[in-house]
Amino acid sequence: MLTIYSDTHRLHYGQAELMDGKMQPCFEKPSRADMVLDRVKAVGLGEVRGPDEFGQSPLLRVHSAAYVEFLENAWKEWSALGRSHDALPLVWPVRGLRTDRIPADIDGKLGYFAMDAGVPITAGTWEAIRQSANVAMTAMQEVANGAKSAFALCRPPGHHAAADYMGGYCYLNNAAIAAQALLDRGAKKVAILDVDYHHGNGTQSIFYDRADVMFVSIHGDPMVEYPHFLGFADEYGAGPGFGFNHNYPLPHGAAWPMYEQALADGIRKIQAYAPDAVVVSLGVDTFKDDPISQFKLENSDYLTMGKMIAEIASPTLFVMEGGYAVEDIGVNAVNVLLGFEG
Ligand code: Q9C
Ligand code: ZN
């Protein structure tokens with residue numbers, strides 16, 4: 001399987017995130033991608049190639065122009081105030097507040113375009129997120145051109161990013177951008193299978209009212225887990241998209257037997273949909289030792305996961321999302337790919 005990877009991810013390295021009431025080192029750090037790349041090479045998964053440049057047009061197919069412009073200029077506007085530490089939001093337009101105007105100052109914009117404080121913007125963030133999307137697009141192109149599969153080793157991840165907000169370590173929604181690009185290249189139906197531990201709220205919201213993208217997600221129950229405000233089982237889609245969204249919230253402590261049932265059911269839904277291509281939002285924060293998650297998957301479960309995904313028998317693009325047990329992230333992510341290849 002071809003892997004697409006860019007070193008540019010290193011330009012995004014947030015200093016700290018607010019967690020359990022204190023500023024802590026960011027869990028979403030460059031060594032995550034290094035571990036995955038090392039494992040890709042160690043097992044000889046296949047060729048590793050850099051991304052092509054796709055410009056802003058594929059981003060604007062899923063994100064608003066105002067949001068993309070905000071991402072591009074946020075660091076400039078922040079640093080112009082003499083600030084040298086990471087830009088972080090700290091006020092949000094919740095119930096009853098005005099969202100019909102975009103604030104003019106950077107502190108207001110950060111809150112307007114964010115769902116949480118897990119999204120530091122640094123001097124290199126724009127370049128890193130742009131390239132992460134290019135990585136997804138390049139791997140997408142491979143699948144569009146007839147490859148059975150490809151692996152986009154994206155960093156930063158993307159599935160919490162919606163049309164016009166960032167959150168949960170995510171800025172541009174790489175998987176959504178790639179799925180839309182597959183449609184734009186002739187696919188009639190694309191299924192997105194999100195196996196990251198956290199609900200892919202951004203991806204769900206982007207395609208919620210559409211029938212040409214089915215979204216299936218297995219994740220920690222939002223009643224007790226981030227992102228808290230989306231990802232419940234009764235979210236089936238809206239309007240023409242009704243019936244094309246399927247969430248499988250699972251309780252803390254869920255191990256493979258429970259996970260496998262949800263995955264098998266989700267895969268049946270995707271098979272019945274008969275997509276022209278599948279995009280897998282590949283998070284491996286479902287691992288038992290993940291420092292911020294509560295599922296109990298073992299290294300070998302990821303091989304089985306890949307094997308089950310292969311049974312969909314559709315061209316498949318794997319897009320890297322979360323996973324914070326840095327010692328195991330490479331083994332687990334690549335096990336899915338090896339299991340898929342059989
Ligand atoms: N107590 C991804 O995996 N913070 N993002 C959770 C838990 C945010 C995860 C706090 C986690 C975001 C791509
Ligand atoms: Zn996650």
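Along the chain, the residues that hold the zinc ion (ligand 2) follow the spacing D-x1-H-x86-D. Two members of that pattern come from distant parts of the chain: His198 sits in the loop between β6 (190-194) and α7 (201-207), while Asp285 sits in the loop between β9 (277-282) and α9 (301-310), 87 residues apart. Please keep in mind that this is a predicted model.

## The zinc site

Let us start with the metal. Its protein donors are Asp196, listed with OD twice, His198 through ND1 and Asp285 through OD. These donors lie 1.9 to 2.8 Å from the zinc ion (ligand 2). Both His198 and Asp285 are buried.

A good neighbour to look at next is His159. This residue belongs to the loop between β5 and α6 (174-184). Is His159 buried or exposed? His159 counts as buried because its relative accessible area is 2%, and the limit for buried is under 20%. The side chains of His159 and Asp196 are joined by a polar contact of 3.4 Å. Beyond four places away in sequence, His159 also touches His198, and its other contacts include Cys170, Asn173, Asp194, Ser281 and Glu321.

## The sheet and a helix across it

Now for the strands. An open sheet is formed by 8 strands, in the order β4-β1-β5-β10-β9-β6-β7-β8, with parallel pairing. At its edges are β4 (48-49) and β8 (245-250), each of which pairs on one side only. Inside the sheet, β6 pairs with β7 (residues 213-220) in the parallel sense over 5 bridges. Here Ile192 stands opposite Phe215 in β7.

Which strands does helix α10 lie across? Helix α10 (residues 326-341) lies across β5 (149-152), β9 and β10 (316-320), and runs at about 175° to β10.

## Two nonpolar cores

The largest nonpolar core has 54 residues. Phe70, Leu71, Ile121, Met166, Val279 and Leu317 are the ones with the most contacts inside this core. Helix α5 (residues 125-144) gives the most to the core, with 9 residues. To see one of these residues in its setting, choose Val279: leaving aside residues up to four places away in sequence, Val279 touches Ala175, Ala179, Leu182, Val190, Ala191, Ile192, Leu193, Leu317 and Val319. Apart from this core lies another, of 47 residues, among them Val216, Val278, Ile329 and Val336.

## Backbone details in the loops

A few loop positions deserve a look at the backbone. The peptide bond from Arg155 to Pro156 is cis, and Pro156 is in the loop between β5 and α6. Tyr226 and Pro227 are also joined by a cis peptide bond, with Pro227 in the loop between β7 and β8. His228 lies in the loop between β7 and β8 as well, and Ala313 is found in the loop between α9 and β10. Neither His228 nor Ala313 is a glycine, yet each has a positive phi, as the table shows.

| Position | Feature | Value |
|---|---|---|
| Arg155 to Pro156 | cis peptide bond | omega near -5° |
| Tyr226 to Pro227 | cis peptide bond | omega about 10° |
| His228 | positive phi | phi about 65° |
| Ala313 | positive phi | phi about 55° |

How exposed are these last two residues? His228 is partly exposed, with a relative accessible area of 38%. Ala313 is exposed because its relative accessible area is 68%, and exposed begins over 50%.

Terms used
Residues are numbered from 1 along each chain as its sequence is written. Chains are lettered from A and ligands numbered from 1 in the order in which they are written. This is a predicted model: local features need pLDDT of at least 70, side-chain atom pairs count only at pLDDT 80 or more; totals for chains, interfaces and linings use all residues. Side-chain values use heavy atoms; hydrogens and water are left out. Donors are N, O and S atoms within 2.8 Å of the metal (3.2 Å for Na, K and Ca); water is not among the atoms, so sites may look incomplete. Helices (H or I, at least four residues) and strands (E, at least two) are DSSP runs, numbered from the N terminus. Buried means under 20% relative accessible area, exposed over 50%, partly exposed in between (1.4 Å probe, protein chains only). A nonpolar core is a set of buried Ala, Val, Leu, Ile, Met, Phe, Trp, Tyr and Cys residues joined through side-chain atoms within 4.5 Å. Contact means heavy atoms within 4.5 Å. Two strands pair if DSSP finds at least two bridges between them. Axes are lines fitted to C-alpha atoms, for helices over the stretch in contact, and angles run from 0 to 180 degrees between N-to-C directions. A polar contact is a pair of N or O atoms within 3.5 Å; within protein, one must be able to donate a hydrogen and the other to accept it, and residues adjacent in sequence count only if both atoms are side-chain atoms.
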